[in-house]
Every structure is written in C-alpha cells, then in structure tokens.
Amino acid sequence: MNYEKRICCFIDILGFKKHIDETITETGEDNIKKIKSIESVLKLSKKMTEDNGLAKSKIITYFSDSIVISYNYNEPGQLFYTLLDLLYVSFELANKGYLTRGGVSIGKLLHNSKYIFGPALVDAYEIESKKAIYPRIIVSDEVIKIGAKHTKVGHSEDDEKQYIMDLLNEDSDGLYYIDYITKSSSEFDDPEYDLYSYIQSLKNNFFSNYDNEDTRVREKLDWLKTKLNAYIKRIKENVKNNPNFSQEIVDIYSSLEELK
C-alpha cells in the first residue's frame, strides 16, 4: 500500500457529547425526540456528502460525530464541489441546531474502505482542533491554490479560483472558512423570506440559553454572534436603501434585532 496525494477534509459536530447527554432524561428515560434529531442530522450529513457523481476518487468515512472526505488532488473542479457539499452540510445542520467545525488540508494519505491514515489526515485534524477553534471549517491556502489549478473543463484558473472563493470568507485572523452564514442563499426556496427564517433559527438555536453556557461554549458562540450581527446590520442597510424591495420585505427585515 502506498500513500496518494489527496485533499483531506475532517469535519466534526461541535458539542456532540452534550447532544448525546440530552438523549437521556433526568429520570433515565430515552429522550426519543432528541434521539431522532441526532439520527436525522447524521443521515442528512451522509446524504449530502455522498458522491455527487463527478469525482472518480472521492472516498468518505463516517464515524460517530465526524466525517472525513478525501479525493485525489488533481480531480478537475472537485475542490469547488466538495466545499459546496460542506457548505450545505454546515448550513443544514446549523438550521437544525448543530454547529460544525473542520479543516481541509492536502498531503499524503491512505484512504480506502478499510483504512484511513497519513499526514494529510493529521494536518486536517490539527486545523480543525487547533486553528478553527470556532464553528467554522478552515480551508488552507495551499488547498485553495491547488484547487484553482485543477480546473473544471472550460474554466480558466482565475474562473476556478473565483468559484472556490465565492464559498469562502476571510476571517479576522487571515484564515479562510466556508461561510455558511452569509453564502447559503442557494439553499433557500424563497430567498427574500427564507433568509429571515434562517437568521431567526440561528438566533433561537444557539443563543436562547447563552447565559447558562460555560466559558468555552460562549467563546465559540461569541464568534457566531459577531458574524450574525454584522450580517444583520448589512441586510438591514441593503433592504432600506434598495427601492426594489416591497414594503413588506422592508418591514420584515427592519424588525431584525442584533444579538446582545
């Protein structure tokens, strides 16, 4: 067996132990609603990361609360499609009350149906555990450069990089992350109305019990709060200054409140 040069994505569901703890009630009974919720998000994660039919070398391994996706680094256009899958997963899980964190690296890896090991997995895990810190999936600069070079048929390198960067945002620490907060509009059936519902869902899912969370959890939620508040402010300004929006839409988004 030999290593291959592969892009490796390691994704983890944050706070999974707490979610598992909530499957048992204070009286020791099974919390069927919570069990079904966890089952549904794990099934959803699997469904949304399964082979989209475009990658010849894509392999996915699921274990507990983590997902590892890898593919040969030179698959044309595959970085964009893989990051798009991860954007959808982050978006859908956040909408259901589960936050994700991860890292995307490149390097030597052995990944098949029986084994997964190698420097690329170690790097992706270290990005997730030591660099990501907050509920975000970090994509290394090297991965972005490699992905842009291996273009989809008909794309220039600049085209490919633009498609990739359209899914990412540069954070205040200079790291690029998959932006499931402001770049998920393609998931909405009716963007004008569904965006409002999504923002309210994030606020309700993660901040209704904020004061009772421990310091480590609040640190992660503060990152999300900063991103959400900046987005809410931007949306309200855009709606207010855009004459193409109906009064109903203006009224709906004018009522959006930033998190305290």
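## Strand S1, tucked inside

Let's start with strand S1, which covers residues 4-13: eight of its ten residues are buried, so the strand is largely enclosed by the rest of the structure. Keep in mind as you look around that this is a predicted model.

What does S1 pair with? One partner is strand S4 (residues 100-111), which runs antiparallel to S1 and joins it over ten bridges. Another is strand S3 (residues 66-72), also antiparallel to S1, this time over seven bridges. Cys8 is a handy place to see both pairings: Cys8 stands opposite Ser105 in S4, and Cys8 also stands opposite Ser70 in S3.

## Two patches on the surface

Now for the outside. Lys5, Lys145, Lys149 and Lys161 come together as a positive patch on the surface. Take Lys145 from that group: you'll find it in helix H5, which spans residues 141-149. Is Lys145 buried or exposed? With a relative accessibility of 58%, Lys145 counts as exposed, because the cut-off for that label is over 50%.

There's a nonpolar patch on the surface too, made up of Met1, Tyr3, Tyr115 and Phe117. Together these residues have about 480 Å² of accessible area. Tyr115 sits in the loop that links S4 to strand S5 (116-117). Its relative accessible area is 41%, so Tyr115 is partly exposed.

## Two loop residues with positive phi

Next, a look at some backbone angles. Ser64 has a phi near 50 degrees, a positive value in a residue that isn't glycine. Where is Ser64? Look in the loop between strand S2 (59-63) and S3. Ser64 is exposed, because its relative accessible area is 57%.

Ile133 is not a glycine either, yet its phi is positive, at about 60 degrees. Ile133 belongs to the loop between helix H4 (119-132) and S6. How much of Ile133 is accessible? Its relative accessibility is 31%, so Ile133 counts as partly exposed.

## Ile138 and a long stretch of chain

Follow the chain into strand S6, residues 137-139, and you'll meet Ile138. Ile138 has a relative accessibility of 2%, so it counts as buried; the cut-off for buried is under 20%.

How far is Ile138 from Glu248? Along the chain, the two are 110 residues apart. In space, their C-alpha atoms are separated by 37 Å.

Technical notes: Residues numbered from 1 in each chain as written. Predicted model: local features only at pLDDT ≥ 70, side-chain atom pairs only at ≥ 80, totals over all residues. Heavy atoms only, no water. Patch = residues over 30% accessible without salt bridge, like charges linked within 9 Å, V, L, I, M, F, W, Y side chains within 5 Å. Areas by Shrake-Rupley, 256 points an atom, 1.4 Å probe, with all protein chains shown as cover. Salt bridge = Lys/Arg side-chain N within 4 Å of Asp/Glu carboxyl O. Lys, Arg positive; Asp, Glu negative; His and termini not counted. Charge placed at Lys NZ, Arg CZ, Asp CG, Glu CD. Helix = DSSP H or I, 4+ residues; strand = E, 2+ residues; numbered from the N terminus. Buried < 20%, exposed > 50% of the residue type's maximum accessible area, 1.4 Å probe, protein only. Pairing = 2+ DSSP bridges.
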